[in-house]
Structures are given as C-alpha cells and as structure tokens.
Amino acid sequence: MTKHLPPLAFALVLAALPAAAQTPEFGPLIEADTLDAARDGVDPLILDIRPGKVEGSEQTLFEAGHIPGAVHAPYNLFRGPSENPGALVPEDRLTEVLRSLGVTADRPTVIVHQGSDQTDFGSAARVYWTLKSSGVAPLAILNGGMNAWQAASLPVETGPVTPTPSDITVSFSDEWLATTADIEAIVAGGQPGELIDARPVEFWEGNAKHDAAARPGTLPQSRYFIHSGWFGDAPARIEPSIVERLAAANGFEQGDRLVSFCNTGHWAATNWFALSELAGIEDVRLYPDSMVGWANSGNAMDNVPGPIRNLWNRVTGKY
C-alpha cells in the first residue's frame, strides 16, 4: 500500500470573487445550494450511493429521482462479503468499480446518501474514507443527503444513467487504515493508539452484537464514544460547530492517535469523518473489519458476558 498526501481542507462558502469568476468550493461537507452552483462551475462527479428500490416497484430509488448528472454507485459496491461486511474491497476490484463509475483521481467528487438518519450518514462517510484512501480528491458529502436536496426544491432527474468509464488505478493508502495487526499491537502496548468504539452502548457493554460477529463484547482497552453525537436537529445533518465543541469537551485534540471502530466499519466511519475531516485531527484511523473481524479472529475481548448473562441475552432476544 502507498500513502498519499491528505487533501486540502475546503471551505463551505463561495469565494469572495466577482460573480463571473465565482467558483463554489466544497468539502468535506457541502450544502445543497452550494452543490447546485458547483454543477455549472466545478462540474463535480456526483455519486449517489443509495441502495434499494421504491416500495412495491422494481424501480431503484436512484431511477425514481436523483440529482441531475449523478451516477448510481450503490453502497454495496464499497463493502465486503456478508460474513465480514466491513472488509476492504481488494484493490483490483475497487479499481474496476471506480472505473465503471467514471471516478478520476482529481475530479471533485460528491457523495450523496438518502439523509434519513445518522446510520445512513455512515454509509457516505465510509465511501468518503474509501475514496480518500484511493487517492481521490477533493471530496465532499452532501450534508443532509438527497432529503436536503429535495427540501431545497432543487432539480431532480429520473431514469437510469450510463457513466463514462475512467482509467483510474487504485493504490490504496494505509494512512487512515488500521488493520487487525495494528489493533493487536496497540493492545499489546507495542504501538500507540486509543481505540474508540462508535457503537451504541449496549454493544460496548456486551449486551448486543452484530449477527456476523462470533461473540459480543468490545476491543480491549477501548473507549465508548457513540457515532450519533455530531448531528444537529436534522437526522442526517452534521453540524461543524457541534463537532468543534464535542471534540474539545471529550479531550480529542491534535496529536491524538485515534482508531475508530464499530461492528463493520460503518458507524465508525462517521466518527473518523468528524474527527479527521472536520475536527482536523491528523492521525485518526478507521478499523474497517471492526468487531466482526476481531471477534471472528479469536482475539481477546473486553466486556464479554459470562455464561448466565449470555444465556439471558439470548433468551430475551438481544442477540
């Protein structure tokens, strides 16, 4: 794996230039009206990652209505197999995926999710992390997702779209990646790092688990910090002012060596995005395999319930 320089931190405002020269800048978050202006100036590649179909229909959500010029890039293209959904997509397969979507290394790229809730935002954050690690820049997530676009009464197209393929070749960076070997080294004291569990508290306590995980529990020495605290009143809209306050209140600061994890690297991607891209902490990594990969590898865990509590959790349907 190779390393790439991190992209510039882009502002969320229009530059103070004459109207004819105004270019909307974006990233790591972009507002709906700014993205609308950027379509005429910057001409970003818009990746609509929404999976699924319209209820009672064979029509995809994308076909039913998407941002003009967007390309359908369903989230599952960026995920691992069912037995380990958080696993990295191999470089050769990821190269095929990005080529088929028309992704290039230097074209501004915007990721669009539905905007339904905080978990939905995690899909956009995971794709952002994958693209950044693949050398794509600049990047942005549409704040509030497709719901925010439609709420602003901005134009929508229907029907399928055929992308223009690219010739990108992915060389995946390990700069923002933590592997199982890295976690083992951190736990053993051979590598610095603070392990941040992004899951709801019942998972951290061992009272819930992902279906694909062999055991409930958490990484040894981990700290619980749920992924959903970065959002304001809207269910899938991150508020940068909240990020600044929350990071400071919880002692996250420049120089920290943080590793974000969850069950399958989905919720954890939101914590990574907020701490790395918005709070600007440089050394934040994502553990994509997360607890499914760790538990299934047979490594030691904390907060694993004893036989009686484990039986009770099964009987009561907690897992």
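The following paragraphs lead through a predicted model, from its sheet to its cores, two of its helices and its salt bridges.

A suitable starting point is the sheet. Five strands form an open sheet in the order β1-β5-β4-β2-β3, and their pairing is parallel. At the edges stand β1 (29–30) and β3 (71–72), each of which pairs on one side only. Within the sheet, strand β2 (residues 45–48) pairs with strand β4 (residues 109–112) in the parallel sense, over 4 bridges. Here Leu 45 has Thr 109 of β4 opposite to it.

The next topic is the nonpolar interior. The largest nonpolar core contains 53 residues, and the members that touch the most others are Leu 98, Leu 131, Ile 141 and Phe 273. At least two residues of this core come from each of β2, α3, α4 (118–133), β5 (139–142), α8, α9 and β9 (284–286). Another core lies apart from it and has 15 residues, including Ala 178, Leu 195, Leu 219 and Tyr 287. What does Ile 141 touch, if residues up to four places away in sequence are not counted? Its contacts include Pro 28, Leu 29, Ile 30, Ile 111, Phe 121, Tyr 128 and Phe 273.

Helix α8 (residues 240–249) shows how a helix can present two sides. Its buried residues are Ile 242, Val 243 and Ala 247. Viewed down the axis of α8, these buried residues fall within an arc of 125 degrees, and therefore they line one face of the helix. A general property of helices is useful here: an α-helix has 3.6 residues a turn, so residues three or four places apart point the same way. On the other side of α8, the residues Glu 244, Arg 245, Ala 248 and Ala 249 are exposed. The buried residues of α8 pack against α9 (267–278). After α8 comes Gly 251, whose phi is positive, near 75 degrees.

Helix α3 (residues 91–101) contains Thr 95. Is Thr 95 buried or exposed? Its relative accessible area is 9%, and because buried means under 20%, Thr 95 counts as buried. A polar atom of the Thr 95 side chain lies 3.0 Å from the backbone nitrogen of Val 170. Leaving aside residues up to four places away in sequence, Thr 95 touches Ile 168, Thr 169 and Val 170.

The same helix, α3, also holds a charged pair, Arg 93 and Glu 96, which are 3 residues apart and thus separated by about one helical turn. These two form a salt bridge whose closest N and O atoms are 3.3 Å apart. Arg 93 is partly exposed, at 38% relative accessible area, and Glu 96 is partly exposed as well, at 46%.

In total, the count of salt bridges comes to 12. One of them joins the side chains of Glu 31 and Arg 237, at 2.7 Å from N to O. This pair links distant parts of the chain, 206 residues apart: Glu 31 lies in the loop between β1 and α1 (32–38), and Arg 237 lies in the loop between β7 (223–224) and α8. Glu 31 counts as buried, at 19% relative accessibility, whereas Arg 237 is partly exposed, at 24%. A further salt bridge is formed by Lys 53 and Glu 58, with the closest N and O atoms 2.7 Å apart. Lys 53 counts as partly exposed, at 45% relative accessibility, while Glu 58 counts as exposed, at 63%.

Definitions and conventions: Residues are numbered from 1 along each chain as its sequence is written. This is a predicted model: local features need pLDDT of at least 70, side-chain atom pairs count only at pLDDT 80 or more; totals for chains, interfaces and linings use all residues. Side-chain values use heavy atoms; hydrogens and water are left out. Buried means under 20% relative accessible area, exposed over 50%, partly exposed in between (1.4 Å probe, protein chains only). The arc is that of the directions from the helix axis to the C-beta atoms. Contact means heavy atoms within 4.5 Å. A polar contact is a pair of N or O atoms within 3.5 Å; within protein, one must be able to donate a hydrogen and the other to accept it, and residues adjacent in sequence count only if both atoms are side-chain atoms. Two strands pair if DSSP finds at least two bridges between them. A nonpolar core is a set of buried Ala, Val, Leu, Ile, Met, Phe, Trp, Tyr and Cys residues joined through side-chain atoms within 4.5 Å. A salt bridge is a side-chain nitrogen of Lys or Arg within 4 Å of a carboxyl oxygen of Asp or Glu.
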